[in-house]
Amino acid sequence: MNVILGLVMAIIGLFMMFFGSTKSEFPVYRIFVTKSKPLWGENVHRFYQVSGLAVIVVGVLFALKILGK
(Lines give C-alpha, C1' and ligand atoms only; values in the text may rest on other atoms or scores of the structure.)
Protein backbone atom coordinates (compact mmCIF):
# COMPACT_ATOMS: atom_id res chain seq x y z
CA MET A 1 0.00 0.00 0.00
CA ASN A 2 2.90 2.38 0.73
CA VAL A 3 4.16 2.01 -2.81
CA ILE A 4 0.82 2.98 -4.36
CA LEU A 5 0.32 5.90 -1.99
CA GLY A 6 3.87 7.11 -2.54
CA LEU A 7 3.49 7.00 -6.31
CA VAL A 8 0.18 8.87 -6.14
CA MET A 9 1.83 11.52 -3.96
CA ALA A 10 4.72 11.83 -6.42
CA ILE A 11 2.31 12.22 -9.35
CA ILE A 12 0.34 14.92 -7.51
CA GLY A 13 3.61 16.71 -6.73
CA LEU A 14 4.62 16.47 -10.38
CA PHE A 15 1.34 18.08 -11.43
CA MET A 16 1.77 20.83 -8.82
CA MET A 17 5.27 21.54 -10.09
CA PHE A 18 4.16 21.46 -13.74
CA PHE A 19 1.16 23.73 -13.17
CA GLY A 20 3.30 26.14 -11.16
CA SER A 21 5.94 26.27 -13.88
CA THR A 22 3.47 26.87 -16.70
CA LYS A 23 1.15 29.13 -14.66
CA SER A 24 -1.64 26.92 -15.89
CA GLU A 25 -5.26 27.92 -16.40
CA PHE A 26 -6.50 24.50 -15.20
CA PRO A 27 -9.62 25.22 -13.07
CA VAL A 28 -8.51 23.35 -9.93
CA TYR A 29 -5.09 25.01 -10.03
CA ARG A 30 -6.70 28.43 -10.50
CA ILE A 31 -8.79 27.83 -7.37
CA PHE A 32 -5.64 26.97 -5.39
CA VAL A 33 -3.87 30.05 -6.75
CA THR A 34 -6.82 32.29 -5.86
CA LYS A 35 -6.83 30.97 -2.29
CA SER A 36 -3.03 31.23 -1.90
CA LYS A 37 -2.49 34.61 -3.56
CA PRO A 38 -3.30 36.76 -0.46
CA LEU A 39 -0.53 35.00 1.46
CA TRP A 40 2.08 34.49 -1.29
CA GLY A 41 1.33 37.41 -3.62
CA GLU A 42 3.13 37.21 -6.95
CA ASN A 43 5.29 34.31 -5.68
CA VAL A 44 2.32 31.95 -5.60
CA HIS A 45 3.49 29.98 -8.65
CA ARG A 46 6.99 29.61 -7.19
CA PHE A 47 5.35 28.34 -3.98
CA TYR A 48 3.56 25.60 -5.94
CA GLN A 49 6.78 24.67 -7.71
CA VAL A 50 8.66 24.27 -4.44
CA SER A 51 5.82 22.54 -2.60
CA GLY A 52 5.33 20.21 -5.60
CA LEU A 53 8.99 19.24 -5.38
CA ALA A 54 8.61 18.58 -1.65
CA VAL A 55 5.55 16.38 -2.27
CA ILE A 56 7.49 14.43 -4.93
CA VAL A 57 10.39 13.82 -2.54
CA VAL A 58 8.11 12.70 0.30
CA GLY A 59 6.12 10.49 -2.09
CA VAL A 60 9.26 8.76 -3.38
CA LEU A 61 10.57 8.26 0.15
CA PHE A 62 7.20 6.85 1.16
CA ALA A 63 7.14 4.50 -1.86
CA LEU A 64 10.65 3.26 -1.01
CA LYS A 65 9.45 2.64 2.57
CA ILE A 66 12.04 5.02 4.00
CA LEU A 67 9.18 7.06 5.51
CA GLY A 68 6.14 5.45 7.05
CA LYS A 69 5.72 1.94 8.35
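The following legends describe close-up views of a predicted model.

**Figure 1. Overall arrangement of the three-helix protein.** The protein contains 3 helices and 0 strands, and from the N terminus its elements run α-α-α. Along the principal axes, the C-alpha trace spans about 35 × 20 × 15 Å. Of the 69 residues, 26% are buried. Among contacts between residues at least 6 apart in sequence, 63% join residues at least 24 apart.

**Figure 2. Helix α1 and its buried residues.** Helix α1 covers residues 2-22. Its 21 residues should span 30 Å at 1.5 Å a residue, and the end C-alpha atoms are indeed 30 Å apart, so expectation and model agree. The buried residues of α1 are N2, G6, A10, G13, F19 and G20. These buried residues pack against both α2 and α3. An α-helix has 3.6 residues a turn, so residues three or four places apart point the same way.

**Figure 3. The loop between α1 and α2, with K23.** K23 follows α1 and is placed in the loop leading from α1 to α2. Although K23 is not a glycine, its phi is positive, at about 50 degrees. The relative accessible area of K23 is 51%; because exposed residues are those over 50%, K23 counts as exposed.

**Figure 4. Helix α2, its bend and its end.** Helix α2 comprises 14 residues, 27-40, for which a rise of 1.5 Å a residue predicts a span of 20 Å; the end C-alpha atoms lie 19 Å apart, in agreement with that value. The helix bends by about 30 degrees at T34. A proline, P38, follows within four residues of the bend. Beyond the helix comes G41, with a positive phi near 60 degrees. Y29, V33 and S36 are buried in α2, and the buried residues of this helix pack against α1 and α3.

**Figure 5. The surroundings of S36 in helix α2.** S36 belongs to helix α2. Its relative accessible area is 12%, and because a residue under 20% is classed as buried, S36 is buried. When residues up to four places away in sequence are not counted, S36 touches G41, V44 and Y48. Two of these partners, V44 and Y48, also appear among the α3 residues that form the contact with α2, as shown in the next view.

**Figure 6. The packing of α2 against α3.** The two helices pack at an angle of about 110 degrees, and their axes are 9 Å apart. This angle makes α2 roughly perpendicular to α3. From α2, the contact is made by Y29, R30, F32, V33, S36, K37 and W40; from α3, by V44, H45, F47 and Y48. The crossing of α2 and α3 is right-handed.

**Figure 7. The packing of α1 against α3.** Here the axes are 7 Å apart, and the helices meet at an angle of about 165 degrees. Because angles over 145 degrees count as roughly antiparallel, α1 is roughly antiparallel to α3. The crossing of α1 and α3 is left-handed, whereas that of α2 and α3 is right-handed.

**Figure 8. The surroundings of G52 in helix α3.** G52 is located in helix α3, which covers residues 44-63. With a relative accessible area of 0%, G52 is buried. Leaving aside neighbours within four places in sequence, G52 is in contact with G13, M16 and M17. One of these partners, G13, is itself among the buried residues of α1. The C-alpha atoms of G52 and P38 are separated by 19 Å, and the two residues are 14 residues apart along the chain.

**Figure 9. The segment after α3, with K65.** K65 is placed in the segment that follows α3. Its phi is positive, near 65 degrees, in a residue other than glycine. K65 is exposed, with a relative accessible area of 57%. A positive phi is found also at K23, which is likewise exposed, with a relative accessible area of 51%.

Methods: Residues are numbered from 1 along each chain as its sequence is written. This is a predicted model: local features need pLDDT of at least 70, side-chain atom pairs count only at pLDDT 80 or more; totals for chains, interfaces and linings use all residues. Side-chain values use heavy atoms; hydrogens and water are left out. The expected span of a helix is 1.5 Å times one less than its number of residues. The bend at a residue is the angle between axes fitted to the seven residues ending there and the seven starting there. Buried means under 20% relative accessible area, exposed over 50%, partly exposed in between (1.4 Å probe, protein chains only). Contact means heavy atoms within 4.5 Å. Axes are lines fitted to C-alpha atoms, for helices over the stretch in contact, and angles run from 0 to 180 degrees between N-to-C directions. Angles under 35 degrees count as roughly parallel, over 145 as roughly antiparallel, 65 to 115 as roughly perpendicular and the rest as oblique. A crossing is left-handed if the near helix is turned anticlockwise from the far one by less than a right angle, and right-handed if clockwise.
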